[in-house]
Amino acid sequence: MVSDSKQVLYGLYNDEEDLKGAIRAANAAHLDIMDVYTPFPVHGLDPILGLKESRLHYLGFIYGTIGCLFAFLTMTWIFTSDWPIVFGGKPYWSIPAFIPITFELTVLFAAWGMTLTFYTICGLWPGVKAQTLDNRITDDKFCIAFDVTAASDNAVDGLKQFFGTTQAAEVNIKTM
Amino acid sequence: MSQAVAPVRHILIEGNKSYHNITEDLCTPTEKAPSREWVIAFALASAFLGLYLFAIVWTVWKGIGEWGANRTINWAWDITNFVWWIGIGHAGTLISAILLLFRQRWRTGVNRAAEAMTIFAVICAGQFPIFHMGRVWLAFFIFPFPNTRGPLWTNFNSPLLWDVFAISTYFSVSLLFWYTGLVPDLATVRDRATGYRRKIYETFSFGWTGSAKHWQRWEALSLVLAGISTPLVLSVHTIVSFDFATSVIPGWHTTIFPPYFVAGAIFSGFAMVQTLMVLTRKVLGLQEYITINHIESMNKVIVLTGTIVGVAYLTELFIAWYSGYIYEQFAFYNRVFGIYWWSYFGMMFCNVVSPQLFWSRSIRRSVWWTFFLSVLVNIGMWFERFVIIATTLARDYLPSSWSYYNPTWVEISIFTGTIGLFFTLYLIFTRVAPVIAIAEVKAILKVAGDQYIGPNAKKHADGAEKVEEPKH
């Protein structure tokens, strides 16, 4: 999180189609969008914003592998060297019987690992104060925000004009 | 021009809703004072919760000798109730995970409440094996940890320990899945709230802003969690069935148990979702979001899984006869015509016969029939577990130890008490969080709202044409 305050110029749109049109127009005009905020996941937004596919699932695979190995190797160690016990005449290292727990821990590690990673990389956590530009963004407004802290008055006017030509319902400036 | 929308799509959001209407309709139940129905229901549910606490204290204080379970029928109401609740806890993750993978849009109307129900049902289920241990203060022995007893470890080859892992994994993964879905909606509630409510929701919404990158990761996470929850949900009841299937008791050690239990779990889970949804949509006025189309879709799942369960019952009988093994044959003869014949016929009627009524479209789309049959299915599924457990144990290998089981008031109180626990938690949930996934409903508005598809769509025909584009 950035500690010093910044000036954000943002426009609110009433519909996701207007928003997408505006982003395309911004791309055509080579404007540097700070972020886009929407009340729900809008399909087709990632490619026009140039967001790369999330790599979260690769991490999920790694966490799952760790869980899988942890479960299997721990059971192996316990039943073959730490405290070997014969259950029902079966071998100490009875692999088929280890499958259910190995599977469950694979899922457990993958799910927890991915979810905690998700909250960490997004900077979402209890106690984090939401950098809300407008209360209606979680309701029915679609927002494009520009960082204008270092921008000249001319540039700000240009952005305002951009919001005007793309039918933004409201344009505001906010210090956060 | 209406060709933009495939005719098979159902209307899932009625009443010409705008995004703001959706927020308004789904957030208000958490904002206004509780209705009288809610207060009465809550008083009733917490009274049963009180009964539960009393009976549990009684059990722990006096010991499980206070139960009707005995030397022969050592698994009785407790394990019956455990399996019943775990089964009910299967619909939530099925709806949110498997239906997400299959891209079934109707899940958005019911997934939030169904997932909450899953979590509460698993909490109720967990009570039974824990208190059945008797000396409940030693319950932590079920977890493997380095200890001063040897170190003596748990038996990783035992299905009962697999259960510990399966259920605790299922509970915690369901909780993560549910809560991660809830975070954006809690942010919506936060942004409408003021004062101390805003502070509370600020904490619980983790500072969610709705940034495009966050949504992208959120969707990626949901999809992978759905992917790994799908085998998880199937594994949990499979492992519960292993408790029986890996034993050497005739009537239990059958290879059909895993699929049969999973189908039964989905069956009873959907029935409980129906019972709750029919009530919730009425009390909270959400008929435009949980439509008759949603109810019909769930009834189709019920008739499918009910039929699978029916086929499993008949397969068991056939295999018992075909095996030529007299103990197996006796176990099943006894199941049908023995001392507990009434529970077998109750099970057959409620689980196999009654859901067949859902082949009729008008019954499938009737709220009253749905409610009535969903309650019957839950009764039937309780009987199924009772039949499997009590009937089988009552007539074991030694006729000298044959026995009969009657529950005591303590067991009846614990069971009805967990229903109170379940409804108390559910009623609190309806007050503090949106019972329908707001963001997900908004995301399907343009492909499932009645102003875009169906008979009302013509005045928005140009809007419907746009819908085609974002699909992928």
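Tutor: A helix is a DSSP run of H or I with at least four residues, a strand is a run of E with at least two, and both are numbered from the N terminus. Two residues are in contact if their C-beta atoms, placed from the backbone, lie within 7 Å.

Student: Fine. What are the ground rules here?

Tutor: This is a predicted model: local features need pLDDT of at least 70, side-chain atom pairs count only at pLDDT 80 or more, and totals for chains, interfaces and linings use all residues. Residues are numbered from 1 along each chain as its sequence is written, while chains are lettered from A and ligands numbered from 1 in the order in which they are written.

Student: Start with chain A. How many helices and strands are there in chain A?

Tutor: Five helices and four strands. Read from the N terminus, the order in chain A is β-α-β-α-α-α-β-α-β.

Student: Is chain A compact or spread out?

Tutor: Chain A is more spread out than a compact globule, because its radius of gyration is 25 Å, well over the 16 Å of the globule rule for 176 residues. The radius is taken over C-alpha atoms, and the rule is 2.2 Å times the number of residues to the power 0.38. Along the principal axes, the C-alpha atoms of chain A fill a box of roughly 80 × 30 × 25 Å.

Student: Which domains does the assignment give for chain A?

Tutor: Domain 1 is 7–52 + 129–175, and domain 2 is 56–122. Their C-alpha centres are 45 Å apart. Such bounds come from an automatic or database assignment.

Student: Pick a residue. What does A:Cys143 contact?

Tutor: Beyond its neighbours within four places in sequence, A:Cys143 contacts A:Tyr10, A:Leu12, A:Val36, A:Tyr37, A:Leu133, A:Asp134 and A:Ile137.

Student: And A:Ala110, buried or exposed?

Tutor: A:Ala110 counts as buried because it has 27 C-beta neighbours inside 10 Å. The cut-offs: 20 or more other C-beta atoms within 10 Å is buried, 12 or fewer is exposed, and in between is partly exposed.

Student: Where is A:Ala110 found?

Tutor: In helix H4 of chain A, residues 95–122. The C-alpha atom of A:Ala110 is 8.1 Å from that of A:Leu59, with their positions 51 residues apart along the chain. Leaving out residues up to four places away in sequence, A:Ala110 touches A:Gly60, A:Tyr63, A:Gly64, A:Gly67 and B:Ile228.

Student: B:Ile228 takes us across to chain B. How many residues does each chain put into the contact?

Tutor: Chain B gives 52 residues and chain A gives 57. On the chain B side, five elements give two or more residues: helix H1 (19–31), helix H6 (159–192), helix H7 (195–204), helix H8 (212–245) and helix H16 (438–448). H8(B) gives the most, with 16 residues.

Student: Which residues are buried in H1(B)?

Tutor: B:Tyr19, B:Ile22, B:Thr23, B:Asp25, B:Leu26, B:Cys27, B:Pro29 and B:Thr30. Their cover includes H6, helix H15 (409–432) and H16 of chain B.

Student: Zoom out. What is the secondary structure of chain B?

Tutor: Chain B has 17 helices and zero strands. Its radius of gyration is 24 Å, which agrees with the value near 23 Å for a compact globule of 472 residues. The C-alpha trace of chain B spans about 80 × 50 × 45 Å along its principal axes.

Student: What share of chain B is buried?

Tutor: Buried residues are 50% of the 472 in chain B. In chain A, they are 36% of 176.

Student: And contacts in chain A between residues 24 or more positions apart?

Tutor: They make up 82% of the chain A contacts with a separation of 6 or more. For chain B, that share is 82%.
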